[in-house]
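Please work through the following exercises on surface patches and salt bridges, each of which is followed by a stepwise solution.

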Amino acid sequence: MTAQPPEPSPSPAPSGALRASHDDREVVVEQLRDAAAEGRIDFDELDARLELALTSKTQSELAVLTADLPKLNSPESRPTLVLKGGMHGASRGPGRWEVPQHMVARGGMGGVKIDFTRVQCHLTEVAVEAYGEMAGVTIVLPDAWAAETSGIDPGVGGLTDKTTPDRLPGTPLIRLTGSGGMAGVVIRHPNLWERRKLRSNPT
C-alpha cells in the first residue's frame with residue numbers, strides 16, 4: 001500500500017478570531033462602566049455596549065466595543081491628579097512619576113509645585129488646571145517642552161510664563177487653564193539651582 005501523506009495541521013486562528021472567555025468579557029464590561037462614569041459614553045450607549053459585550057463570541061467582537069476608549073493602564077485612562085496646597089503645601093516631583101492627561105493644582109495657603117523635569121511622558125498634551133489662590137502654583141518644565149497659557153485668567157496674582165516656544169517633536173504640550181488667584185501662577189524651565197541639581201544627579 002502507498003503511504004498516505006499526513007494531513008496538514010490546521011492553521012492557528014487569527015488573534016481577533018479567538019474565542020472570548022468569561023474573563024475577557026468581564027474586562028470589557030468594567031472598561032465600559034468606567035468610561036460611562038467618566039462621561040466618555042452616555043448610559044444608553046453603555047447599556048447597548050454591555051449587551052453586546054456579554055453576548056460576544058470572539059475577541060474581535062469585544063475589541064470593537066472599546067476601540068474608541070483609552071486602553072486600560074494607559075496615560076489617557078489614569079484618573080485626574082489633584083494637588084491641594086492646604087496649610088502645608090503640596091508637590092509632585094522632581095523624580096519619575098506617572099503623568100496623567102489631566103491635572104488640577106490648587107495653591108491653598110501652602111502652595112503647590114509640579115516638576116516635570118525627570119518624567120517620561122508620551123502624551124501629546126497634558127491639561128493642567130492651576131488655581132494660585134493664597135500661596136500660588138509653580139510648574140517646572142523640561143527645556144524641550146512648551147506651554148499654551150492663553151486659557152488662564154491671571155487674576156490678582158497674575159501669570160508668569162518664562163517658558164520658551166522651542167518644543168521638540170514628540171514632547172508634550174502643557175495646556176494651562178485656571179486662575180492666578182491672589183498669589184499667581186508661575187510656569188517656567190528649571191532655574192540655576194535646579195539645573196545644578198539635575199547635573200549633579202542626572203538619573
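**Exercise 1.** Determine which residues gather in a patch of negative charge on the surface, and where Asp-42 is found.

Solution. The patch of negative charge is formed by Asp-42, Asp-44, Asp-47 and Glu-51. Patches here take residues with over 30% relative accessible area and no salt bridge, joining like charges within 9 Å and nonpolar side chains (Val, Leu, Ile, Met, Phe, Trp, Tyr) within 5 Å. Asp and Glu count as negative, Lys and Arg as positive, while His and the chain ends are not counted; each charge is placed at NZ of Lys, CZ of Arg, CG of Asp or CD of Glu. Asp-42 is found in the loop between α1 (22-37) and α2 (43-55), where helices (H or I, at least four residues) and strands (E, at least two) are DSSP runs numbered from the N terminus. With a relative accessible area of 46%, Asp-42 is partly exposed, given that buried means under 20%, exposed over 50%, and partly exposed in between (1.4 Å probe, protein chains only).

The model is a predicted one, in which local features need pLDDT of at least 70 and side-chain atom pairs count only at pLDDT 80 or more, whereas totals for chains, interfaces and linings use all residues. Residues are numbered from 1 along each chain as its sequence is written, and side-chain values use heavy atoms, with hydrogens and water left out.

**Exercise 2.** Identify the residues that make the nonpolar surface patch, and classify Met-87 as buried or exposed.

Solution. Met-87, Met-109, Met-134, Val-156 and Met-182 make a nonpolar surface patch of about 600 Å², with areas from the Shrake-Rupley method (1.4 Å probe; for residues, only the protein chains shown count as cover). Met-87 sits in the loop between β1 (81-84) and β2 (90-92), and its relative accessibility of 61% makes it exposed.

**Exercise 3.** Trace the salt bridges of Arg-49, and state which parts the pair with Asp-68 ties together.

Solution. A salt bridge requires a side-chain nitrogen of Lys or Arg within 4 Å of a carboxyl oxygen of Asp or Glu, and the whole structure holds eight of them. Arg-49 pairs with Glu-45, their closest N and O atoms being 2.5 Å apart; both lie in helix α2, four residues apart, about one turn of the helix. Arg-49 is buried at 10% relative accessibility, whereas Glu-45 is partly exposed at 32%. Arg-49 also meets Asp-68 in a salt bridge (3.0 Å, N to O). Because Arg-49 lies in helix α2 and Asp-68 in the loop between α3 (59-66) and β1, this pair ties together parts that are 19 residues apart in sequence.
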